[in-house]
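Reader: Before I read anything into this model, I want each label set against its cut-off. Can we go through it term by term?

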Amino acid sequence: MSLLDRLQQAAPALWSPEWLPRLPQRLVEILLQYFGAPGWLVTLAGFLVAAATVVAVFLSGFALLSLVERKTLARIQNRIGPNRAGWFGILQPVADGIKMLTKEDIVPAKAEWFLHLAAPILIVVPSILALGVIPYGREWVPVPLELGLLFFFAAGTLTELSVFMAGWASGSKFPMLGAMRAISQMVSYELPLMISALGVIMVTGSLSLPAIVAKQAGFHLGFIPAWNLFTPWGLSAGLIFYVASIAEANRCPFDLPEGESEIVAGHMTEYSGFKYALFFMGEYLGLFAISGLGITLFLGGWQAPLPGLGCVPSWLWFFAKMVVVIMSYLWIRGTFPRVRIDQLMRFAWLCLIPMALLTLPAAAIWHYVGGGLLGWLTTVPLLLIPWVILTVLYNRRMAPATRTYTFAES
Amino acid sequence: MTPLTILLTLSTFLFTLGLLAVLTRRNAILILVGIELMLNAANVNFIAFWRYGPPDPDLTGPLFVLFSIAIAAAEAAVGLALILMVFRHTRSTDLNRLDSLHG
Amino acid sequence: MVWTRPIGRIGRIFSLSYLSMTPLLILSPLILLAALGAVWKARPVHAALLLALSLALIAVLYLTIGADFIGLVQFMVYVGAVAVLIVFSLLITRPGDEAEELARRPRSVVTGLVCTLPVLWVLVHVVSRLGNLPAGAVENPVFSVAHVGQVLFTRYAPAVLVVGVLLTAVMIGAALFAREPGKKPQCPSDS
C-alpha cells in the first residue's frame, strides 16, 4: 500500500478537527509503519512525538502567559505593562528568553553545585510529568493511565523535595527560610487538595482521569451540564481545590515563599539566568497542570457547556476553560494582598481541611441518594451549616478590627 | 538467578544497611533513616513474593505493604516530633548525650 | 492505533518480557548504592537526600514489577512525606559536626559491622536455601484498584479502621508534642 493510500485510509481519524492535536503523532506512526519499522519502535516514536507535542504546546503557553500576566497585572494596577518589544509587547517573551539565556550563571561559593544544578530540573520535571495524564480532548490523553489521578499527586509531591533542595543547596539564609516556608505551605495545602479530589473519585468510582471526564457527560434539565461543580459537594470541593491550588502553585495571595518584599526571592534567591528561568517555567507549568486537573475533576474536562455545541472540537473547550481559570488566577494575584504565614496555616488547617472532610460524607450521601432534588436537600445543610459556623467563628476571633483613621487637621 | 532471588538479595542488603545505620549513627534523625530502610526492605520482600511467588488473588502482599507504609509514616511523624521535643530541651540530637533522665 | 486502549498498568511496557530481569538488575545496585550513601555519608542532609533517592528508586522498582498502585503510594508517602519530614527536621535541628563523626568513624564502623555481619550471614543463608518454591509466577497478577478497594473494605475493614484511628492519634499527638511548652494557643489580635 502506498503512503498516499495509507493516509487516505486513516482519513477520518486523522484530518478531522477533533483529531488535530494527535496529528503529528499519527503521521509519524503511519510513516514509520510504511517504512516497515518494528512495533516497539512505532510505539516509542509515537510516545516521543506525543510528549513533544504536549511540551511544545505548554511551553509556548508559558511564554504567552508570562506576557499576558504582566499586561493583566499592569492593567489592574492602572498602568500599561510591557509594550516596547514588538506590537503590544508580543515579542516580550522572546526578549525575556534571550535575557535569561545570556545572563551569567552565578553559583555561590558556599553552595553545593550539584544540588544547586539539580533542583531547578527536578522542579520542572514533575510539572511536565503531571501534564501528561490530563485528558485534553475526547481523543487526546497523552498517557491514559488507570491510576492517572494518583500519578498526578505523586508527581506533585516531588516538587516539595526539590524546593527544599533549591533552598538548602544555595547555602545562605534567605533561601533556607524561603524553602522552610514553601515546604510547610505546600504540605499544608496538599491535604485539602487531595481530600477534595477524593469526593470526585468516590462518585466516579475510578482514578482514571478520562473516566472522570466521561462521567460528567450529559445535561440536567436539558441545559445545565452535569459537571461536578454544579453539585453541592462539587461546588464546595471545587472551591477548596481552587484555593488550595493557588497555594500549591505558590501564587499570590499565597506567594510567601517568593515574597519579594520580604525574603528577596525565597528559595530562588541564589539562582540567575537559565536556572531562574527554569524555576519560573516550573511554576507556570505547575499552574497549567493543576488548573488542568481542576478542570478535569470539576468543570467537566473537554465537555461542552451546552447541548448544541458538540460540533466544536473538544480540546477547544478544554483550552477555553483553562483560559478562564488562568485569567481568574491572574485576577486574584492582582487584587489580593499576601497572607501572613500564621494566617496561611490557620486557614489551611482550621478552615479548608474541615470543609474538605465534610465534602466526603456529602458526596457519599449524594451518590447514595442518586442526585437530584433529594440530594440537594440533604447535602446542602450538611455543607452550609458548618461553613456558616466557621465563618462566624472566624469573623469573631480573627478578622481585623475596623480601622479608624486620624487625619491631620488643617 | 531468578527475579525472586534478586529481589530477596536486594532486601537482605537493604535491611543490613538499615541495621548498620541504626547501630552506627549518632544523630537521632539519621537513625530514623536506618529504620525507614529496614521497613522498606521488608516491603520489597512482600512485593517480591506477591509477584514471583504462588498466585494470590487476595492481594495479601500489596495490602500488607500498604498498611506497612501507613504505619511507617505514622511512626516517622511521632519519632520526629519526639526528637524535636528533646532537641528543644537539650539543644542537641546526639544520642550519646541523652544519657540522663532528669535535667 | 496502539494506545487508544488504556494503559492499565504503568509496567506494561516491561511486560513485553514479563519475567525479564533487566529492570531489576539495573535498579537493585542503584538502590543499594543510594542506601549505602544514606548510611555512610557524614553530612546529614546528604544522607537524608540519598535516602529519598533510594526510596524513589524502590518506588520505580515497584512500578516496573507491576504493583503500580503500591509504587505510586510509596512515592507519595515515603518520598513526598517521610523524606520531607526528615529533611525538615534536619533543617530545624541543624546538626553540623561532621568532623566529629568522621573522627569516630573507624571505631563505630567496626562495632556496627561486628553486630550486623551475623544478621547478614543468617539472611543470606536463608535466601540461598530458598530452593524450590511451588509453581510459578502468574504472568501479570491482577491488580486493579477496584479490586484493592473491595478487598480492603470487606476483608480488611477492621485493619483499615484501626490504622485510621492510629493515624488520627498520631496527628493529634504530634501536634501536641510540637507545641511550645508553657504557651497557651493564642491567635494574633491584630490583622
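**Which chains touch**

Reader: How do you know that chain A and chain B do not touch?

Author: Their nearest C-alpha atoms are 13 Å apart, and the two chains do not touch. A contact needs two C-beta atoms, placed from the backbone, within 7 Å. One caution: this is a predicted model, in which local features need pLDDT of at least 70 and side-chain atom pairs pLDDT 80 or more, while totals for chains, interfaces and linings use all residues. Residues are numbered from 1 along each chain as its sequence is written, and chains are lettered from A and ligands numbered from 1 in the order in which they are written.

Reader: Which pair of chains has the most contacts?

Author: Chains B and C, among the two pairs that touch. There, 60 residues of chain B are in contact with 68 residues of chain C.

Reader: What makes up the side of chain B that touches chain C?

Author: Three elements give two or more residues: α1 (3–24), α2 (28–52) and α3 (60–90) of chain B. α3(B) gives the most, with 21 residues. By class, this side of chain B has 46 nonpolar, 10 polar and four charged residues. Nonpolar here means Ala, Val, Leu, Ile, Met, Phe, Trp, Tyr, Cys and Pro; charged means Asp, Glu, Lys and Arg; the others, Gly among them, are polar.

Reader: And how many residues of chain C are in contact with chain A?

Author: 25 residues of chain C, against 28 residues of chain A. α2 (44–65) and α3 (68–93) of chain C are the elements giving two or more residues to that side of chain C. α3(C) gives the most, with 12 residues. The side of chain C facing this contact counts 21 nonpolar, three polar and one charged residues.

**Fold and spread**

Reader: What makes a stretch of chain B a helix, and how many are there?

Author: A helix is a DSSP run of H or I with at least four residues; a strand is a run of E with at least two; both are numbered from the N terminus. Chain B has three helices and zero strands. Its elements run α-α-α from the N terminus on.

Reader: Why is chain B called more spread out than a compact globule?

Author: Its radius of gyration is 17 Å, and the globule rule gives 13 Å for 103 residues, so chain B counts as more spread out. The radius is taken over C-alpha atoms, and the rule is 2.2 Å times the number of residues to the power 0.38. Along the principal axes, the C-alpha atoms of chain B fill a box of roughly 55 × 25 × 15 Å.

Reader: How does chain A fare by that rule?

Author: It agrees with the rule: 410 residues call for a radius near 22 Å, and chain A has 23 Å. Chain A has 15 helices and two strands.

**One helix of chain A**

Reader: Why is α7(A) called mostly covered?

Author: 21 of its 22 residues are buried. Buried means 20 or more other C-beta atoms within 10 Å of the residue's own, with C-beta atoms placed from the backbone; exposed means 12 or fewer, and partly exposed lies in between. Over the whole of chain A, buried residues make up 41%.

Reader: How do you know that the span of α7(A) agrees with its residue count?

Author: Helix α7 (residues 148–169) of chain A should span 32 Å, and its end C-alpha atoms are 32 Å apart, so the two agree. The expected span is 1.5 Å times one less than the number of residues. Just after this helix, G171(A) takes a positive phi of about 75 degrees.
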